[in-house]
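Please look through the sequence and the structure shown here, and then follow the explanation below, which moves from a few single residues to the interior as a whole.

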Amino acid sequence: MVPRLPVRDLTSRMLPTSSRRQLSTSSKTNAATTETRSTQHPPPGKRKPLTKEQRDFLSSALRVNQAGELAATLIYTAQTPVVVARHPHLRPLMKHMYDQEAGHLDTFNALIAKHRVRPTALYPLWQVLATGLGWGTALMGREAAMACTEAVETEIGDHYNEQIRTLLEMVAEWEADGYEVGPELRDLISTLRRIRDEELEHLDHAVEHDAQKAEPHWLLTGVIRAGCRGAIWVSEKV
Ligand SMILES: [Fe+2]
Ligand SMILES: [Fe+2]
């Protein structure tokens, strides 16, 4: 059994010094940091303690990812009966995408429990909105249901890419400073890459299944994408 560690403990072993989100590493100036870097050599295997900002980044990343994956499972749960009743040949595709989302949700449920990250306080709201979005788009038709997946996965793919880039920059900087990165962070990055690839696979499936024939495609995807960005922004904070 894996010991339950607060995020503080996880991240103090996981994370390096800075990121593209410009997570601060200390109160030193850049010049002072550069000077320190060129003269100090941490002992082999040494891991750098995290700043509060870095710990907060990790907590908020796990929280928003879990909320997003919950929403994804609820969208497919609501869409599938309606879509499959009218288009039985889509049953395997809908099941495949749902199963992958359920796997993503399991992954983030385990991570937030392990690291004692608080789930988003708006969980009930996202449940209602995601179910409504799935049901509503399915009623509009197969193309609209696929356009929903296209819009959601476009935003979610970007979202995961941003997290991956941030973490890779942290790793690069940590390694440049001579610190040990540790398996937790490397595992997290490879998990995010795998999930990102599966989301983009859903995006491709949706486009192959006529997402762009939804009417009006621009309005539907525009509204859903804006909604996703808003939900991500809020869930990172609340
Ligand atoms: Fe997912
Ligand atoms: Fe997805």
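Glu 69 counts as buried in this predicted model, because 23 other C-beta atoms lie within 10 Å of its own, where 20 or more are required. Glu 69 belongs to helix H3, and, when its neighbours within four places in sequence are left aside, it is in contact with Glu 101, His 104, Leu 105 and Phe 108. One of these partners, His 104, has its place in helix H4 and is likewise buried, since it has 23 C-beta neighbours inside 10 Å. Residues up to four places away in sequence not being counted, His 104 touches Ala 72 and Ile 195 as well as Glu 69.

Both residues also appear in a database record: an unreviewed UniProt entry places the feature "binding site" at Glu 69, Glu 101, His 104 and Glu 199. These four positions are spread over 131 residues of sequence, yet they cluster in space, with a largest C-alpha distance of 10.4 Å.

The nonpolar interior can be considered next. The largest nonpolar core has 43 residues, and those with the most contacts inside it are Leu 62, Ala 71, Ile 75, Ala 147, Cys 148 and Ile 224. Two or more residues are given to this core by each of the helices H3, H4, H5, H6, H7 and H8, and the largest share, 14 residues, comes from H3. Ile 224, for its part, touches Leu 133, Cys 148, Ala 151 and Val 152, again without counting residues up to four places away in sequence. A second, separate core consists of seven residues, among them Leu 167, Trp 174, Tyr 179 and Leu 185.

Definitions and conventions. Residues numbered from 1 in each chain as written. Chains lettered and ligands numbered in written order. Predicted model: local features only at pLDDT ≥ 70, side-chain atom pairs only at ≥ 80, totals over all residues. Core = buried A, V, L, I, M, F, W, Y, C linked by C-beta atoms within 7 Å. Buried ≥ 20, exposed ≤ 12 C-beta atoms within 10 Å, placed from the backbone. Helix = DSSP H or I, 4+ residues; strand = E, 2+ residues; numbered from the N terminus. Contact = placed C-beta atoms within 7 Å. UniProt positions renumbered as here; feature names shortened; annotations may be inferred.
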